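Work through the following exercises with the sequence and the model open beside you, and try each task before reading its solution.

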Amino acid sequence: MSDSISPPRPANDLFLRAARGETVERPPVWMMRQAGRYLPEYREVRAQVDFLTLCKTPELAAKVTIQPIDRLGVDAAILFADILLPLEAMGAELRFEKGDGPVFPSPIRHRDRIADLARPDVAGTLGYVFEALRTVRRELADRVPVLGFGGTPWTLASYLVEGGTSKQFTHLLGWSWEDPEGLKLLLDRLAEVSIDYLLGQIDAGAQGIQLFDSWGGLLDLERWRRISLPSILAIAEALGTRVPLIYYVQGGSHLLPGLAELPVQVLSVDWRTPLSEVRRIVGPKKVLQGNLDPAALLASPDEIERRTRALLADAAGGPHIANLGHGIFPNTPVEHARAFVDTVKGLRG
Ligand code: CP3
């Protein structure tokens, strides 16, 4: 931690330069879900407040956002928040229940229910997110850049339609076959609100935006193009090029030919496909982000180092931002997360 007597640290803009596709001295590194339960200092804060209260208290959200920067020396911060917060702002009741994850007690499963969802004034309903971002920017004082984020409309809909986390997504997929135009109305509404929300984050100081499509891979390429892509394009177009845009998809290796055409600078993929193979399909221009299997952080630090070196070598054919292929597991030892970060930074061995 810096204090008032130590000299100011030089700004670390490695992430921003890499995200623009510039040649950099080494790949930047950060981790999805880097602010979370694997950190004892996060668990200490969470012991005092529930998850939604933490998201809605800007000083606390800022504090846990900065914890992994201090602890691990990652090259970017990601705001502590959740992709589901805008759905609550639209009037959907949202609970986080211990062990069950998010729950929407009154799921939206028919076009007649879409009118129940408000188009909220995001400054009024989600102002706490913007305030947390401003606080993080002020407290980090350019030590590292700060990312904002949101879910894609398809992934947001997966929670809102199912009523929470799901294994088979029977309601969402059922709707997509029974009344595709009705589902489109929902995705369009979610895109409108996401645009207001993400522009609000950029105005509040977010220096990059990651769009999480955690369930994008449920659709085959043809249906992904037809059903999910239009709402992603609407968001990408509205955000423009003010800050780098990262699209993350889980379980979406079969979507790669479509992702090659996506108007985003950075593509982030899970661990199932090597980045050299992703590169072969999407071409030389895209910056690739990822993709160490988060489960590999449960191996020994020496094995993590070997795997990370192999990942860096495999990705070396084009611009790369080192990350995991999905969020870090809560049972990851902090020293193992550090082995990953330190290997990318050339601080091991
Ligand atoms: O990455 C970060 O450190 C920033 C914070 C962040 C959280 N959620 C905090 C969180 C981010 C970027 C998210 C994104 C998110 N939220 C996604 C997309 C990424 C992914 O995992 O696919 C999704 C699908 C959600 C919805 C969500 N929030 C679920 C399914 C859960 C329960 C599962 C779990 O991990 O417990 C959450 C809760 C949540 N969001 C936690 C955290 C730190 C755990 C809450 C706790 O402290 O108890």
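## Exercise 1: A residue in a strand

Gln289 has a relative accessibility of 0% and therefore counts as buried. The model in which this residue is examined is a predicted one.

**Task.** Find where Gln289 is placed, and determine which side chain makes a polar contact with the side chain of Gln289.

**Solution.** Begin with the secondary structure, where Gln289 belongs to strand β8, which covers residues 287-292. Next, look at the side chain of Gln289, which is joined to the side chain of Ser268 by a polar contact of 3.0 Å. Finally, leave aside the neighbours within four places in sequence, and Gln289 is found in contact with residues that include Phe15, Trp30, Gln210, Ile246 and Asn323.

The strand β8 also contains Asn291, and the peptide bond that joins Gly290 to Asn291 is cis, with omega at about -10°.

## Exercise 2: The chain as a whole

**Task.** Decide how the radius of gyration of the chain relates to the value that the globule rule gives for 349 residues.

**Solution.** First, take stock of the secondary structure, which consists of 15 helices and nine strands. The radius of gyration is 19 Å, which is close to the 20 Å given by the globule rule for 349 residues, so the chain is as compact as a globular protein of that length. Along the principal axes, the C-alpha atoms fill a box of roughly 60 × 45 × 35 Å. Then consider burial, where buried residues account for 57% of the 349 residues. As a last step, take the contacts between residues at least 6 apart in sequence, of which 72% join residues at least 24 apart.

## Exercise 3: Surface and charge

**Task.** State what share of the exposed area carbon and sulfur atoms supply, and how many positive and negative side chains the chain has.

**Solution.** The chain exposes about 14700 Å², and carbon and sulfur atoms supply 52% of this area. Turning to charge, there are 39 positive and 43 negative side chains, and the centres of these two sets are 3 Å apart.

## Exercise 4: Two residues with positive phi

**Task.** Ala141 and Phe169 each have a positive phi although neither is a glycine; work out for each whether the residue is buried or exposed.

**Solution.** Start with Ala141, whose phi is near 45° and which sits in the loop between α7 (127-140) and β4 (146-151). Ala141 has a relative accessible area of 58%, and because exposed means over 50%, this residue is exposed. Phe169, with phi near 55°, lies in the loop between α8 and α9. Its relative accessible area is 2%, and because buried means under 20%, Phe169 is buried.

Continue into helix α9, residues 170-178, in which Leu172, Gly174, Trp175 and Ser176 are buried. The cover over the buried residues of α9 includes α8 (153-162), α10 (180-203) and α11 (221-239).

## Exercise 5: Sequence and space

**Task.** What separations in sequence and in space do you find for Ser214 and Tyr248, and for Arg226 and Cys55?

**Solution.** Ser214, in the loop between β5 (208-213) and α11, is buried with a relative accessible area of 11%. Ser214 and Tyr248 are 34 residues apart along the chain, and their C-alpha atoms are separated by 7.3 Å. Beyond the neighbours within four places in sequence, Ser214 is in contact with Thr155 and Gln250.

Arg226 is located in helix α11 and is partly exposed, at a relative accessible area of 48%. From Arg226 to Cys55 there are 171 residues in sequence and 34 Å in space, C-alpha to C-alpha.

Technical notes:
Residues are numbered from 1 along each chain as its sequence is written. This is a predicted model: local features need pLDDT of at least 70, side-chain atom pairs count only at pLDDT 80 or more; totals for chains, interfaces and linings use all residues. Side-chain values use heavy atoms; hydrogens and water are left out. Helices (H or I, at least four residues) and strands (E, at least two) are DSSP runs, numbered from the N terminus. The radius of gyration is taken over C-alpha atoms; the globule rule is 2.2 Å times the number of residues to the power 0.38. Buried means under 20% relative accessible area, exposed over 50%, partly exposed in between (1.4 Å probe, protein chains only). Contact means heavy atoms within 4.5 Å. Accessible areas come from the Shrake-Rupley method with a 1.4 Å probe; for residues, only the protein chains shown count as cover. Lys and Arg count as positive and Asp and Glu as negative; His and the chain ends are not counted. The place of a charge is taken as NZ of Lys, CZ of Arg, CG of Asp or CD of Glu. A polar contact is a pair of N or O atoms within 3.5 Å; within protein, one must be able to donate a hydrogen and the other to accept it, and residues adjacent in sequence count only if both atoms are side-chain atoms.
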